[in-house]
Amino acid sequence: MADRPYLLLDIDGPLNPYRAKSIPPGYAQHEIQEGEKTWTLLLSQQHGVELNALATSYELVWATSWEHGANRLIAPRLGLPELPVIIWPPDARSNPGQNSWKSRHIARWVGERRFAWVDDEVSSFDQAYLPQGLVHRVDASRGLTAEDFAVLRAWVD
Ligand SMILES: [Mg+2]
């Protein structure tokens, strides 16, 4: 199973539909506090179920600005285990051109390994830049849907 593709997970957008106008069905609002900081997120337990099921086909990886906070603050609320984390360099967001600022760092991180990447801020430019992967855009007003999970299952089969 060493060569399972990675499944690279963004949080804000795919798992937290921050553009939703109200709480979508299946989601609950979470107030997450750490130190002086508070975040309000929408999370769906169904995402934890679906992602744990996909972990037989993919190696799940956090590809989010939350970095280690994803394991500390988000994973336990979704019933997910601790996952590998992509740590972005300090100047990660500089000069991405037409691509997502994450794309070139993801290219380096994944190497030759196949991967699927779910994110709300990707486009056809990122897909062209990362031809060995599936770059799948998720609507930040809906989060990951049953249709998105079907795409991820179909791609890996
Ligand atoms: Mg996002």
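This report walks through the fold, the surface and the metal site of a predicted model.

## Overall fold

Let's start with the building blocks: the protein has 5 helices and 6 strands. Follow the chain from the N terminus and the elements come in the order β-β-β-α-β-α-α-β-α-β-α.

How big is all this? The C-alpha trace spans about 40 × 35 × 30 Å along its principal axes. A compact globule of 157 residues would have a radius of gyration near 15 Å, and the protein has 15 Å, so the two agree.

## Inside and outside

Of the 157 residues, 49% are buried. Now take the contacts between residues at least 6 apart in sequence: 57% of them join residues at least 24 apart.

On the outside, the protein exposes about 8100 Å², and carbon and sulfur atoms supply 50% of that area. As for charge, there are 15 positive and 20 negative charges, and the mean positions of the two groups are 2 Å apart.

## The magnesium site

Which residues hold the magnesium ion? The ion is coordinated by Asp10 (OD), Asp12 (O) and Asp120 (OD), at 2.1 Å. Notice that Asp12 is listed with O, while Asp10 and Asp120 are listed with OD. Along the sequence, the donor residues follow the spacing D-x1-D-x107-D.

Are Asp10 and Asp12 buried or exposed? Asp10 has a relative accessibility of 5%, and buried means under 20%, so Asp10 counts as buried. Asp12, with a relative accessible area of 28%, is partly exposed, because that value lies between the 20% and 50% cut-offs.

Methods. Residues are numbered from 1 along each chain as its sequence is written. This is a predicted model: local features need pLDDT of at least 70, side-chain atom pairs count only at pLDDT 80 or more; totals for chains, interfaces and linings use all residues. Side-chain values use heavy atoms; hydrogens and water are left out. Helices (H or I, at least four residues) and strands (E, at least two) are DSSP runs, numbered from the N terminus. The radius of gyration is taken over C-alpha atoms; the globule rule is 2.2 Å times the number of residues to the power 0.38. Buried means under 20% relative accessible area, exposed over 50%, partly exposed in between (1.4 Å probe, protein chains only). Contact means heavy atoms within 4.5 Å. Accessible areas come from the Shrake-Rupley method with a 1.4 Å probe; for residues, only the protein chains shown count as cover. Lys and Arg count as positive and Asp and Glu as negative; His and the chain ends are not counted. The place of a charge is taken as NZ of Lys, CZ of Arg, CG of Asp or CD of Glu. Donors are N, O and S atoms within 2.8 Å of the metal (3.2 Å for Na, K and Ca); water is not among the atoms, so sites may look incomplete.
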